[in-house]
Structure formats: structure tokens, C-alpha cells
Amino acid sequence: KKGDLTIIRNTIYARHGYSYKNRPLRIFFDSQEWYVPVSADIRQAFTEIEKQNIQLLLRYEKNAAEYYDYFGRG
């Protein structure tokens with residue numbers, strides 16, 4: 001589902017210490033013991049694989065919004 005994909009994608013940001021302004025994401029990641037917010041701009045810390053994974057997850061999120069949540073098995 002789109003919400004699950006959003007959490008998965010944002011976990012990449014959270015692992016680098018992204019400080020969320022989005023309240024639901026901030027609440028979710030604040031409850032993770034490993035999460036330590038340090039900066040609002042962590043993009044320079046991403047590896048090439050992480051950048052590719054973010055782009056892939058964004059495509060899946062778009063498709064989930066258009067198709068899966070409506071036609072999915074859920």
C-alpha cells in the first residue's frame with residue numbers, strides 16, 4: 001500500500017538523521033529507538049544505491065496511489 005511504501009522510502013531519510021516537519025512521519029520515526037534527527041538537508045549523504053531506491057519507491061508510490069490502493073488485494 002502507498003502508506004507502507006512511504007514509510008519504507010522515508011526510512012532511508014530517517015537513517016541519515018532527517019529532521020521531519022511532516023507530523024505523522026515525525027511521530028512514527030520518533031518512536032524508533034535508532035532515529036536521531038540531526039538535519040533538514042541530508043541528501044548529500046545518500047549513496048547512489050539509496051538514490052536509485054528512492055526513485056524506484058517513488059514510482060511504486062505513484063502506481064499505488066493510482067492503482068493498487070483501489071484495485072489491490074487489501
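This is a short tutorial dialogue about a predicted model of a protein chain.

Q: Where do I start, and how many helices and strands does the protein chain have?
A: Start with the secondary structure. The protein chain has three helices and zero strands. Reading from the N terminus, the order of elements is α-α-α. The helices are α1 (2–15), α2 (23–30) and α3 (48–71).

Q: What share of the 74 residues in the protein chain is buried?
A: Buried residues account for 26% of the 74. As for the surface, the accessible area of the protein chain is about 5,500 Å², and carbon and sulfur atoms hold 53% of that.

Q: How should I read a nonpolar core, and which residues of the largest one touch the most other members?
A: Here is the general idea: in soluble globular proteins, nonpolar side chains tend to be buried together. In this model, the largest nonpolar core has 13 residues, and Y13, Y20, F29 and F46 touch the most other members. Helices α1, α2 and α3 each supply at least two residues of this core. The biggest contribution comes from α1, with four residues.

Q: Which residues is F46 in contact with, beyond its neighbours within four places in sequence?
A: Setting those neighbours aside, F46 is in contact with I12, Y13, H16, K51 and I54. For the chain in general, take the contacts between residues at least 6 apart in sequence: 46% of them join residues at least 24 apart.

Q: How many aromatic pairs does the structure hold, and what does one look like in detail?
A: When you read such a pair, look at the distance between the ring centres and the angle between the planes. The structure holds nine aromatic pairs. One of them joins F28 and F29, with 5.0 Å from centre to centre and 85° between the planes, an edge-to-face arrangement. Another joins F29 and Y35, which are tilted at 45° with their centres 5.8 Å apart.

Q: Why is F28 called partly exposed and F29 buried?
A: The cut-off for buried is under 20% relative accessible area, and over 50% counts as exposed. F28 has 32%, so F28 is partly exposed. F29 has 1%, so F29 is buried. Y35, at 7%, also counts as buried.

Q: Which residues do the ring pairs link into a cluster?
A: The cluster consists of Y13, Y18, Y20, F28, F29, W34, Y35 and F46. One of these rings also has a charged partner: the charged end of R15 sits over the ring of W34, 3.9 Å from the ring centre.

Q: How many salt bridges are there in the whole structure?
A: To read a salt bridge, check which side chains meet and where they lie along the chain. A search of the whole structure finds four. One of them joins R9 and E61, whose closest N and O atoms are 2.4 Å apart. R9 lies in helix α1 and E61 in helix α3, so this pair ties together parts that are 52 residues apart in sequence. R9 and E61 are both buried.

Q: Where do D30 and R26 lie?
A: Both lie in helix α2, four residues apart, which is about one turn of the helix. Their side chains meet in a salt bridge at 3.1 Å, N to O. D30 is partly exposed at 44% relative accessible area, and R26 is partly exposed at 24%.

Q: Is R43, which forms a salt bridge with D41, buried or exposed?
A: R43 is exposed, with a relative accessible area of 56%. D41 counts as partly exposed at 38%. The side chains of R43 and D41 meet at 3.1 Å, N to O.

Conventions: Residues are numbered from 1 along each chain as its sequence is written. This is a predicted model: local features need pLDDT of at least 70, side-chain atom pairs count only at pLDDT 80 or more; totals for chains, interfaces and linings use all residues. Side-chain values use heavy atoms; hydrogens and water are left out. A nonpolar core is a set of buried Ala, Val, Leu, Ile, Met, Phe, Trp, Tyr and Cys residues joined through side-chain atoms within 4.5 Å. Buried means under 20% relative accessible area, exposed over 50%, partly exposed in between (1.4 Å probe, protein chains only). Contact means heavy atoms within 4.5 Å. Accessible areas come from the Shrake-Rupley method with a 1.4 Å probe; for residues, only the protein chains shown count as cover. Rings of Phe, Tyr and Trp (its six-membered ring) pair if their centres lie within 6.5 Å; planes under 30 degrees apart count as stacked, over 60 as edge-to-face and the rest as tilted. A charge sits over a ring if NZ of Lys or CZ of Arg is within 6 Å of the ring centre and within 35 degrees of the ring normal.
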